[in-house]
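Student: Can we go through this structure together? I would like to practise reading it step by step.

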Amino acid sequence: MKKFSGLLLSVVILGGCGTAVTDSAEDTNVNGTGGTESTETEATETEATETEVGSSENDPIEVTDPTGLQLYMPEMGLIKNFQVEDFEITREVLEVSGNKVLEEITFGEAANVEVTEWTETTMNMVIDTAELEGERDISIEGLVPMNAPVAMIDEENGTEGEWIVTSKDATLETAAGAFEDVLVVQQVLKSEASDQVTTTTRYFAPGLGFIKEESVVANGDDKQESVVSLVSFE
């Protein structure tokens, strides 16, 4: 079975500097030069500027009229149940903030939290962590992102070995029902040390996000296949 991958996101607020008044500044104020008041004002403005930069850097973008890949963002409160061989996987949407979605993914007793970022032409994994297992009081803003988001879909810059969009209007039958206008993406990885080729295909439904994954590992005549498929949602 191919492990779901992803990364989580939160905003890092940069702390301002120079907010405290120094002894020398206090002495200057006592001497009547008025330097302290100016220093405090400048420090406050600097702190505010740094905070604005830090908070806006990774802020979610408001989605008022979803287009392109944003049509496939899973909705708030959605719970999806998947089957892979004899095991079950559950994906629950805990928060939707602008164009970012926070999901908790459970597999048996294991759990991890994932945040995805959706634009018209891209879908990135910005947070993926198992450190918060069992915690429910979490939010996108309270999580620290990785330095480099993982581009899962990039329609404008797709190259060999990356996820390529192969269809946006597929029809897919699953145990949870039939879906139309399905987004299909595929990744082909070729081993440099052998003839092994791994082909992974993922399917996304409008308003639901990920609903199925097919993985085929081929090495000559030997093939191993695995399927993760949606069986129910609410």
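Student: Which residues touch the most other members of the largest nonpolar core?

Tutor: Remember that this model is predicted. In general, nonpolar side chains of soluble globular proteins tend to be buried together. Here the largest nonpolar core has 31 residues. Strand β8 (residues 177-190) gives the most to this core, with 5 residues. Those that touch the most other members are Trp118, Ile153, Phe204 and Ile211.

Student: In what order do the 11 strands of the open sheet come?

Tutor: Start with the edges, where a strand pairs on one side only. These edge strands are β6 (150-154) and β7 (164-174). The pairing is antiparallel. The order is β6-β5-β4-β3-β2-β1-β11-β10-β9-β8-β7.

Student: Which residue in β6 is the bridge partner of Met123?

Tutor: Strand β5 spans residues 122-129, and 4 bridges join β5 to β6. Phe204 is in contact with residues including Met123 and Ile153. The bridge partner of Met123 in β6 is Ile153.

Student: Is Glu85 buried or exposed?

Tutor: Glu85 lies in the loop between β1 (79-84) and β2 (87-97). Its phi is near 55°, a positive value in a residue other than glycine. Most residues other than glycine have a negative phi. Exposed means over 50% relative accessible area. Glu85 has 58% relative accessibility, so Glu85 counts as exposed.

Student: What is the relative accessible area of Asp181?

Tutor: Asp181 sits in strand β8. Phi of Asp181 is also positive, near 55°. Asp181 is partly exposed, and its relative accessible area is 45%.

Note on methods
Residues are numbered from 1 along each chain as its sequence is written. This is a predicted model: local features need pLDDT of at least 70, side-chain atom pairs count only at pLDDT 80 or more; totals for chains, interfaces and linings use all residues. Side-chain values use heavy atoms; hydrogens and water are left out. A nonpolar core is a set of buried Ala, Val, Leu, Ile, Met, Phe, Trp, Tyr and Cys residues joined through side-chain atoms within 4.5 Å. Buried means under 20% relative accessible area, exposed over 50%, partly exposed in between (1.4 Å probe, protein chains only). Helices (H or I, at least four residues) and strands (E, at least two) are DSSP runs, numbered from the N terminus. Contact means heavy atoms within 4.5 Å. Two strands pair if DSSP finds at least two bridges between them. Lists of a residue's contacts leave out its neighbours within four places in sequence.
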